[in-house]
Amino acid sequence: GAYQITAMRFYGIGNEYAGIIISMAACFCLFAPQRLRLKLVPILGGLLVVTFGIGSFGANYGAAVATAVTFGLLWFSVKRSSFGLRHVALVLVAAVALVFAFALADYKIAGSAASHAGRATGLIQKVGAEYVFALVSRKVLLNLKHLTGKHAFWVFASFAPFLALWFWGVQDKVMSQFKADRAIVTGLKAIMIGSVAAFMFNDSGLVMASIMVCMTFLVLVYSLLGKWEDKCRE
């Protein structure tokens, strides 16, 4: 919700929960029947972008960018089972433009009680567009700097067992299981690229990106266990 006093605003869903929601919604679309995927991707993606992007709902603009990138590439995955660098660049530009439009609308509606991004967008009229560009650039550079910190070290250390398990045998089995459905394999790449966008554009990007990767990995492992259980029953 929103409140007249800016300091008492509730900014909705945090980055941790956003990471879970985005990755699980994307996996839900991928594992749905093929006839439903083209309907689910725009419906769920649009719902999440609006939830994260409208100031009085979520005001989590980094999550909105990550959602737009993830589901934008997911659309190419289920539509044509492939995408390239050109599609990634196109989706990223569209995501940033969409979030800017949300922030500007929030400023026009709420004024000084707008969200943080809304107020920053309103400053363009006073100090110019370079201010917002510098603000976004500092956030991206700060997240890159975090990669060399002690917190990043512990995150990478905790990922080591998962990476070992993935390259030891899980990756081959996943690719073998879904080789007949190329859209799923391509869609998993879309989620990984979306996690990179989450890392770059969120205040706690490392946390959100890690959660998106972990939740997707758990879904894949669970799918393999389900297939193994079916074979045992046979």
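**Note on a ten-helix chain**

1. Val69 lies in helix 3. Val69 is buried, because its relative accessible area is 2% and the cut-off for buried is under 20%. Along the chain Val69 and Ser195 are 126 residues apart, yet their C-alpha atoms are separated by 9.0 Å. The model is a predicted one, and every value in this note should be read with that in mind.

2. Overall make-up. The protein chain has 10 helices and zero strands. Its pattern along the sequence is accordingly written α-α-α-α-α-α-α-α-α-α. The chain has 234 residues, and 40% of them count as buried.

3. Helix 2, length and bend. Helix 2 runs over residues 34-53, which makes 20 residues. From its first C-alpha to its last it reaches 29 Å, close to the 28 Å expected at 1.5 Å a residue. The helix nevertheless bends by about 35° at Leu40. A proline, Pro42, follows within four residues of that point.

4. Helix 2, burial. The buried residues in helix 2 are Arg37, Leu40, Val41, Gly45, Leu48, Val49, Phe52 and Gly53. Leu40, where the bend is placed, is thus among the buried residues. Phe52, also found in helix 2, has a relative accessibility of 1% and therefore counts as buried. Between the C-alpha atoms of Phe52 and Phe102 there are 9.6 Å in space, against 50 residues in sequence.

5. The salt bridge. How many salt bridges does a search of the whole structure find? The search finds one. Its partners are the side chains of Arg37 and Asp181, which meet at 2.6 Å, N to O. The pair links distant parts of the chain, since Arg37 sits in helix 2 and Asp181 in the loop between helix 8 and helix 9, 144 residues apart. Are these two residues buried or exposed? Arg37 and Asp181 are buried.

6. Helix 8. A kink of about 55° is found in helix 8, centred on Val170. Val170 is itself a buried residue of this helix, together with Ala152, Phe159, Trp166, Gly169 and Val174. Met175 is found in helix 8 too. With a relative accessible area of 32%, Met175 is partly exposed, because that value falls between the 20% and 50% limits. Met175 and Val185 are 10 residues apart in sequence, and their C-alpha atoms are 7.2 Å apart in space.

7. The second largest pocket. This pocket has a volume of about 530 Å³. Its lining has 22 residues, and nearest its centre lie Phe159, Leu163, Trp166, Met192 and Val213. Two of these names, Phe159 and Trp166, also appear among the buried residues of helix 8. Which helices each supply at least two residues of the lining? They are helix 8 (150-177), helix 9 (182-201) and helix 10 (205-233). By class, the lining has 18 nonpolar residues, three polar and one charged.

8. Ser81. The loop between helix 3 (61-80) and helix 4 (85-110) holds Ser81. Most residues other than glycine have a negative phi. Phi of Ser81, however, is near 60°, a positive value in a residue other than glycine. A reader checking the backbone may want to look at this loop.

9. Asp203. The loop between helix 9 and helix 10 is the place of Asp203. Is Asp203 buried or exposed? Asp203 counts as exposed, because its relative accessibility is 57% and the cut-off for exposed is over 50%. The C-alpha atoms of Asp203 and Gly62 are separated by 7.8 Å, although the two residues are 141 residues apart along the chain.

Note on methods
Residues numbered from 1 in each chain as written. Predicted model: local features only at pLDDT ≥ 70, side-chain atom pairs only at ≥ 80, totals over all residues. Heavy atoms only, no water. Expected span 1.5 Å × (residues − 1). Bend = angle between axes of the 7 residues up to and from the residue. Buried < 20%, exposed > 50% of the residue type's maximum accessible area, 1.4 Å probe, protein only. 1 Å grid on protein atoms, 1.4 Å probe; cavity = no way out; pocket = protein on both sides within 12 Å on 5 of 7 lines; lining within 4 Å. Points joined across faces, edges and corners; volume = space filled by probe spheres on them. Nonpolar A, V, L, I, M, F, W, Y, C, P; charged D, E, K, R; others polar. Salt bridge = Lys/Arg side-chain N within 4 Å of Asp/Glu carboxyl O.
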